[in-house]
Amino acid sequence: MTRANGILLVVAIAVLLVPISVARAADAEFEAVARHFESTYNVRRNEPKASWFANVAMRLVQPKGVKTLRIATFENLNGPVTDPRLGEVVRNSLDKTWKAVVRETSRVDRDQTFVYVRQAGDSLEVLIVSVDIEEATVIKARVDPKAAGSWLEYLDS
Amino acid sequence: MNFLPNALTRPLLAFAALAALSSPALAQNPKLQLDSLSRLESKASRTIDVTIDRELMGLASKALSSENGANAGKVRDLIAGIQEIYVRGYEFDTEGAFDKADVDAIRAQVSGPGWSRISSVRTRKGIDNAEVYVMHGAGKVKGLVILVSEPKELTVVNIVGEIDPERLSELDGDFGIPRIELKRDTGTKPAPEGRS
């Protein structure tokens, strides 16, 4: 590899990493909800680590139109059967620019889902929080609205 | 006896007329006021709240506009005229957890001018009592309301915009809309007032 090619490779990797790194730094909403699951159910999150390799891999596999994507899953939940505070935790983690699209709550079991969105420039930011008897998931993504269809198919799969 | 000078009376009357026209109770408004139902959240064992306002509906249409699949085309066609979708659903552990007044408040809103009830509704398993109301204006459907009121369940769906009621079943299960369908021989009758 020539010196020029080496520099180009470093620059390319840096460009790939920057958006995800910036997204992580600004993910107070994501962190608040993830920490709630960790403390309530005494579990650790499964999340691709912030290594350069994981970031590059994530950028390569993420669906068309997705600008940033962060996913954490929590398996084998312990603790309370219901989580009446979850809706409040999610809502309090978000500022007024976020809109609730779906709020599905339960007082009898753990099944709850929250979907919030907000416009961010020409992108759409989405926060999805879902929990059931076995596992919980937190997803935050910034997507191109024109390609959101393929992103929804990705989530569905 | 005139308490006000004529110069003031006419503008005040005009203002009052405008205010009356803009009142939800009197104006032909396909969008229902559902805020009063939020008090049921604390009593319900399960709730679902879906809010897709005009801005979000525009984004959904934009998202589907770039999709080429047959299903995307079908949904795009179906939601083309829809401007807003609101779903409020509550399940309760016991009967009588919500009042007749809660249901009547919804029925009162669909008893105004322009609204009519579709009489032929075929419900699917799990739904015993569904009422469907449509608002017409200028020869078009301007809005639609589905009201499911059962002893332990209350669901209200409000679709604002143009939708063919007979294609409602194509939306069920999506956007939190319950699974109901209309019979082919759909007929309409005026919306009841104060019926429970």
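Start by selecting helices α2 and α4 of chain A in this predicted model, which cover residues 28-41 and residues 86-93 respectively. Their axes lie 8 Å apart and make an angle of about 160 degrees. Angles over 145 degrees count as roughly antiparallel, and α2(A) and α4(A) are therefore roughly antiparallel to each other. If you turn the view to look through one helix at the other, the crossing of α2(A) with α4(A) is a right-handed one.

Now show the side chains where these two helices meet. On α2(A), select A:Ala28, A:Glu29, A:Ala32, A:Val33 and A:His36, and on α4(A), select A:Leu86, A:Val89, A:Val90 and A:Ser93, since these residues make the contact. Colouring them by character gives 6 nonpolar, 2 polar and 1 charged residue in the contact of α2(A) with α4(A).

From α4(A), step back along the chain to A:Asp83, which is placed in the loop between β1 (66-74) and α4 of chain A. Is this residue buried or exposed? A residue is buried if 20 or more other C-beta atoms lie within 10 Å of its own, and A:Asp83, with 23 such neighbours, therefore counts as buried. To see some of its surroundings, select A:Thr40, A:Arg110, A:Gln112 and A:Val131, which are in contact with A:Asp83 when its neighbours within four places in sequence are left aside. For contrast, draw a distance from A:Asp83 to A:Val101: these two are 18 residues apart along the chain, and their C-alpha atoms are separated by 20 Å.

Next, select strands β2 (residues 99-106) and β3 (residues 112-120) of chain A, which run antiparallel and are joined by 5 bridges. Within this pairing, A:Lys99 stands opposite A:Val117 of β3(A), and the two strands form a hairpin with 5 residues between them.

Keep β3(A) in view and add strand β4 of chain A, residues 123-131, which runs antiparallel to β3(A) and is joined to it by 9 bridges. One pair to label here is A:Arg118 with its bridge partner in β4(A), A:Glu125. These two strands also form a hairpin, with 2 residues between them, and in its turn you can pick out A:Gly121, which has a positive phi of about 65 degrees.

Now move to chain B and colour it by secondary structure, which brings out 4 helices and 9 strands. Following the chain from the N terminus, you pass through the elements in the order α-β-α-α-β-α-β-β-β-β-β-β-β. Of the 196 residues in chain B, 28% are buried. Among contacts in chain B with a separation of 6 or more, 66% are between residues 24 or more positions apart.

Within chain B, select strand β2, residues 82-91, where 7 of the 10 residues are buried. Two of its pairings can be followed from here. Strand β1 of chain B, residues 46-52, runs antiparallel to β2(B) and is joined to it by 7 bridges, and in this pairing B:Arg46 has B:Glu91 as its bridge partner. Strand β7 of chain B, residues 153-161, is also antiparallel to β2(B), and 9 bridges join the two; here the bridge partner of B:Val87 is B:Val157.

Stay with β7(B) for a moment, because all 9 of its 9 residues are buried. Add strand β6 of chain B, residues 140-150, which pairs with β7(B) in the antiparallel sense over 8 bridges. B:Val157 appears again in this pairing, where B:Ile146 stands opposite it, and a hairpin joins β6(B) to β7(B) through 2 residues.

For the last stop, select B:Phe92, which is found in the loop between β2 and α4 (100-109) of chain B. How many other C-beta atoms lie within 10 Å of B:Phe92? There are 18, and B:Phe92 is therefore partly exposed. Leaving aside its neighbours within four places in sequence, show the residues in contact with B:Phe92, which are B:Lys43, B:Ala44, B:Ser45, B:Ala97, B:Phe98 and B:Lys152. Finally, draw a line from the C-alpha atom of B:Phe92 to that of B:Met135, a residue 43 positions away in sequence and 30 Å away in space.

Terms used. Residues are numbered from 1 along each chain as its sequence is written. Chains are lettered from A and ligands numbered from 1 in the order in which they are written. This is a predicted model: local features need pLDDT of at least 70, side-chain atom pairs count only at pLDDT 80 or more; totals for chains, interfaces and linings use all residues. A residue is buried if 20 or more other C-beta atoms lie within 10 Å of its own, exposed if 12 or fewer, and partly exposed in between; C-beta atoms are placed from the backbone. Two strands pair if DSSP finds at least two bridges between them. Axes are lines fitted to C-alpha atoms, for helices over the stretch in contact, and angles run from 0 to 180 degrees between N-to-C directions. Angles under 35 degrees count as roughly parallel, over 145 as roughly antiparallel, 65 to 115 as roughly perpendicular and the rest as oblique. A crossing is left-handed if the near helix is turned anticlockwise from the far one by less than a right angle, and right-handed if clockwise. Two residues are in contact if their C-beta atoms, placed from the backbone, lie within 7 Å. Ala, Val, Leu, Ile, Met, Phe, Trp, Tyr, Cys and Pro count as nonpolar, Asp, Glu, Lys and Arg as charged, and the others, Gly among them, as polar.
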